[in-house]
Amino acid sequence: MTKPPLDILLCAPRGFCAGVVRAIDAVEKALAIHGAPVYVRHEIVHNKYVVENLKRKGAVFVRELDEVPDNGAPVIFSAHGVAKSVPEAAQARNLFAIDATCPLVTKVHREAQVHYKRGRHIILIGHAGHPEVIGTMGQLPEGAVTLVETVDDISRLEPEDPDNLAFVTQTTLSVDDTQDMVDALKTRFPAIVGPHKEDICYATTNRQGAVKRVAPQVDAMIVVGSPNSSNSQRLREVAEREGCPVVRLILRAEDIDWSLFGNIRSLGITAGASAPEILVEEIIDAFAERYEVSVESVSTADESVFFPLPRELREQAAE
């Protein structure tokens, strides 16, 4: 039988960002230097494929530090960042801790700390329960930060000093939704102080920009990523908002519901910042078994950002 034609538009940029590459490299470098096991608090990045691959190499993922034995093995903090209490607890136990927090998340932490020192109450735009939000709120004493998730939350704010506020944001949010919330904050509190450079990271912005270009042109769109990945979920929402009729967030080719893609002639594919390119290739191969595919890359930005390994690993590698 002749296979039907299918045009695949590959979003670029897509997939791993510099912070994710740094975090994964940190685990692999620690394993190379120290051998297994290397302990990792929480998922190093939000991708099951990546986590399982590191487990096979000797990484042991734990929920909290009390699961880490006192055997001298390294313990690595994830790219999402942690509350101040976590490295303090590690230090109290003399654990060999390596902080793989993305530098762009660390930037948000430092902004929040500066605002606090200047006596401002901080409004954090983000999603409750996300590890990055927990880590950012955990940089400061309880009550110093108020989390808002929607414009309605902003309308209900009743700060003690409306003229002495600052805001920061989670790095993986929807660019458009966040702008709406920033506009709402500035309308209600004209004196509010924002970051010198927006907190949403370059990778989030670039990946959403590519989706905005591709989504209106295709019959369906696949976002490769994990359901618990904030930036992947935002890519799905952006594609839906841009009018793509069928949008699905999937981790691997085996998760494709083929009944949704039966009559399509064009398909867009992107990947969240923690999704490896091998999963994109796997999905293209799956479509190539059913369709005569042609693949075109649609690029909206060039990325050359690089973050060096955490200092502890750089020093040990040099030795």
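A residue is counted as buried when its relative accessible area is under 20%. In this predicted model, Thr169 has a relative accessible area of 4% and is therefore buried. Thr169 belongs to strand S8. With neighbours within four places in sequence left aside, the contacts of Thr169 are Val108, Leu124, Ile125, Glu132, Thr178, Asp199 and Ile200. Of these contacts, Thr178 is one of the buried residues of helix H7, and strand S8 (165-169) is among the elements that cover the buried residues of that helix.

Helix H7 comprises 14 residues, 175-188, and at 1.5 Å a residue it should span 20 Å; the C-alpha atoms at its ends are 20 Å apart, in agreement with that expectation. The buried residues of H7 are Thr178, Met181, Val182, Ala184 and Leu185. Viewed down the helix axis, these buried residues fall within an arc of 160°, so they line one face of H7. Their cover includes strand S6 (121-125), strand S7 (145-148) and helix H6 (151-155), in addition to strand S8.

Asp176 is also located in helix H7. With a relative accessible area of 29%, Asp176 is partly exposed. When residues up to four places away in sequence are not counted, Asp176 touches Lys212 and Arg241. With Lys212 there is a polar contact between the two side chains, at 2.9 Å. Asp176 and Asp285 are separated by 109 residues in sequence and by 33 Å in space, C-alpha to C-alpha.

The structure contains 3 aromatic pairs. One of them is formed by Phe261 and Phe287 in an edge-to-face arrangement, with 5.6 Å from centre to centre and 90° between the planes. This pair links distant parts of the chain, as its members are 26 residues apart: Phe261 is in the loop between strand S10 (246-250) and strand S11 (266-271), and Phe287 is in helix H10 (residues 277-288). Both Phe261 and Phe287 are buried. Ring pairs join these two residues with Trp258 and Tyr291 in a cluster. The ring of Trp258 also has the charged end of Arg290 over it, 3.8 Å from the ring centre.

Two cis peptide bonds, each preceding a proline, are described here. The bond between Ala12 and Pro13 is cis, with omega about 5°. Pro13 lies in the loop that runs between strand S1 (5-12) and helix H1 (18-34). The bond between Ala36 and Pro37 is likewise cis, with omega about -5°. Pro37 is placed in the loop between H1 and strand S2 (38-41).

Positive phi values in residues other than glycine occur at His42, where phi is near 65°, and at Asn94, where phi is near 60°. His42 is in the loop between S2 and helix H2 (48-57), and Asn94 is in the loop between helix H3 (85-92) and strand S5 (96-99). His42 is partly exposed, with a relative accessible area of 25%, whereas Asn94 is exposed, with a relative accessible area of 70%.

Technical notes: Residues numbered from 1 in each chain as written. Predicted model: local features only at pLDDT ≥ 70, side-chain atom pairs only at ≥ 80, totals over all residues. Heavy atoms only, no water. Helix = DSSP H or I, 4+ residues; strand = E, 2+ residues; numbered from the N terminus. Expected span 1.5 Å × (residues − 1). Buried < 20%, exposed > 50% of the residue type's maximum accessible area, 1.4 Å probe, protein only. Arc of directions from axis to C-beta. Contact = heavy atoms within 4.5 Å. Phe/Tyr/Trp six-rings, centres within 6.5 Å; stacked < 30°, edge-to-face > 60°. Lys NZ or Arg CZ within 6 Å of the ring centre and 35° of its normal. Polar contact = N/O pair within 3.5 Å; in protein donor to acceptor, adjacent residues only side chain to side chain.
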